[in-house]
Amino acid sequence: MRILGIETSCDETAIAVVKGHGERLLVEKNLVYSQVDEFAKLGGVVPEMAARLHLEKIMPLLEKAVGRNGRGIDVISVTVGPGLAPALRTGVEVAKTLAWVWKKPIVGVSHMEGHIAGAWLQSMQAPRFPGVHLLSRLRKATRPELPALCLLVSGGHTELVLMEAHTQFTRIGETIDDAAGEAFDKVAKMMGLPYPGGPQVAELAQAGNRQAYDFPRGLMQQEGYDFSFSGLKTALLYTLRDHEEQLEDPHFRADIAASFEEAVVDALARKTDRAIRDYQPKSVIVAGGVSANKELRKRFEQLVTKKHGIELFFPEFTYSLDNAAMIAGAGYFRYLKKGAVASVFNVAADPNYDLCKQN
Ligand code: KG4
Ligand code: ZN
């Protein structure tokens, strides 16, 4: 089955084609037009402007990916939320129109369900040596076993979710204030780094001492699996204020970035550790933009694979950040389990769409 994915929830216009077969998702096309250059100048995303840019880019991307008549596409999958309302609406209306004109079934999916499905995506590589190609495919064939514990870490969300089956999720913890990605972005801004700040802070952190500053890890004494990053952000702000004369010193900046990254990764790892101990999942999936962070990946290898001896899954780096292949993937599993939405008129953008409340 071949699924067309459409994603416009924030500042990436993305179109993809994914082939689903059993538990396998093979990415045939993955086109992303990122608006970050536009918003770097402004220091953040402006929703109406994002929607206008989606409108400008979405048709050329669609034409490049699938032509004009949708031949070969079996199902259309589109992000209905969560995200920025004007931005979401662009993708949803385009998807509905295509479904109506092409007479194809349509499914609306959660952006977060998409991030999780990213762990199933496999790139289609051109075979250099057919035998080797086949072997690497076989080796990569393992997929997350369910139930899985999912740590979702993006610009808008930080949550621990139990995935009992495809389309079936229970939230066990979430941030009570900032999301982890948001904290990275805000800290970057405080340090004068451009939007989106996560990758910039991570890069700066590489040269720093991770123990230089002992920044707070929120809610560690409390029971449960919730997170808090606002105290960390404030502590960092005060440290910057107290060292005003060092703000341009590269060593100081690297130490601040490294200690901040360590505090975020440590908080995420410790709550995940607790959840693994209590829920005993068969695998752990870490997804969302912050899952591209290399230190987070290292720490989770230690925690999940070495300490608990269970399988750990990250999306391939290409599919960590927002893309439409993950939306096609989630749409595939949703279509298999629940079928299409009865009428295109029942698909609607919902900025607060909740992964755990959908049906
Ligand atoms: O999932 P995503 O692409 O968009 C949302 O759904 O929000 O995540 C974007 C977030 C941003 O906050 C960005 O700064 C963060 O992911 N991010 C990173 C890294 N790459 C992206 N944070 C830390 N380290 C990274 N390498
Ligand atoms: Zn995302």
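Q: Let's begin with cysteines: what is a disulfide, and how many does the structure hold?

A: A disulfide is counted when a pair of cysteine sulfur atoms lies within 2.5 Å. By that cut-off, this predicted model holds zero disulfides.

Q: Which cysteine sulfur is closest to that of Cys150, and why is there no bond?

A: In general, a disulfide is a covalent bond between the sulfur atoms of two cysteines. Here the closest cysteine sulfur to that of Cys150 belongs to Cys356, and because the distance is 9.5 Å, the two are too far apart for a bond. You can also look at burial: Cys150 is buried, with a relative accessible area of 0%, whereas Cys10 is partly exposed at 22%.

Q: Now to the metal. Which residues are the protein donors of the zinc ion (ligand 2)?

A: Select the ion and look for His111 (NE2), His115 (NE2) and Asp322 (OD), which lie 2.0 to 2.1 Å from the zinc ion. Along the chain, these donors follow the spacing H-x3-H-x206-D. That pattern brings distant parts of the chain together: His115 sits in helix α4 (residues 111-117), while Asp322 is 207 residues apart from it, in the loop between β11 (311-313) and α11 (325-338).

Q: Is His115 buried or exposed, and what about Asp322?

A: His115 is buried, with a relative accessible area of 1%. Asp322 also counts as buried, at 18%; the cut-off for that word is under 20%.

Q: Next, ligand 1. Which residues come nearest to it?

A: There are 18 residues around ligand 1, and those that come nearest are His115, Gly155, Asp185, Gly289 and Asp322. Two of these names will be familiar from the zinc ion, whose donors include His115 and Asp322.

Q: What polar side-chain atoms lie by the oxygen and nitrogen atoms of ligand 1?

A: An N or O atom in the His115 side chain is 2.9 Å from an oxygen atom of ligand 1. Asp322 places a polar side-chain atom 3.0 Å from an oxygen atom of the ligand, and Asn293 places one 3.0 Å from a nitrogen atom. On its own, ligand 1 has 550 Å² of accessible area, and the protein covers 88% of it. Elements giving two or more residues to the shell are α4, α6 (180-190) and α7 (198-205). Sorted by class, the shell has six nonpolar, ten polar and two charged residues.

Q: On to the backbone. Where are cis peptide bonds found?

A: As a general guide, most residues other than glycine have a negative phi, and most peptide bonds are trans. In this model, the bond from Gly81 to Pro82 is cis, with omega near -10 degrees. Pro82 belongs to the loop between β4 (75-81) and α3 (85-102). Another cis bond joins Leu146 and Pro147, with omega about 5 degrees; Pro147 is in the loop between α5 (130-139) and β7 (148-153).

Q: And what is the phi of Thr167 and of Gln280?

A: Thr167 is not a glycine, yet its phi is positive, about 75 degrees. You will find Thr167 in the loop between β8 (158-165) and β9 (168-174), where it counts as buried at 11% relative accessibility. Gln280, also a residue other than glycine, has a positive phi near 50 degrees. Its place is the loop between α9 (250-279) and β10 (283-287), and Gln280 is exposed, with a relative accessible area of 58%.

Technical notes. Residues are numbered from 1 along each chain as its sequence is written. Chains are lettered from A and ligands numbered from 1 in the order in which they are written. This is a predicted model: local features need pLDDT of at least 70, side-chain atom pairs count only at pLDDT 80 or more; totals for chains, interfaces and linings use all residues. Side-chain values use heavy atoms; hydrogens and water are left out. Buried means under 20% relative accessible area, exposed over 50%, partly exposed in between (1.4 Å probe, protein chains only). Donors are N, O and S atoms within 2.8 Å of the metal (3.2 Å for Na, K and Ca); water is not among the atoms, so sites may look incomplete. Helices (H or I, at least four residues) and strands (E, at least two) are DSSP runs, numbered from the N terminus. A residue is near a molecule or strand if one of its heavy atoms lies within 4 Å of it. A polar contact is a pair of N or O atoms within 3.5 Å; within protein, one must be able to donate a hydrogen and the other to accept it, and residues adjacent in sequence count only if both atoms are side-chain atoms. Accessible areas come from the Shrake-Rupley method with a 1.4 Å probe; for residues, only the protein chains shown count as cover. Ala, Val, Leu, Ile, Met, Phe, Trp, Tyr, Cys and Pro count as nonpolar, Asp, Glu, Lys and Arg as charged, and the others, Gly among them, as polar.
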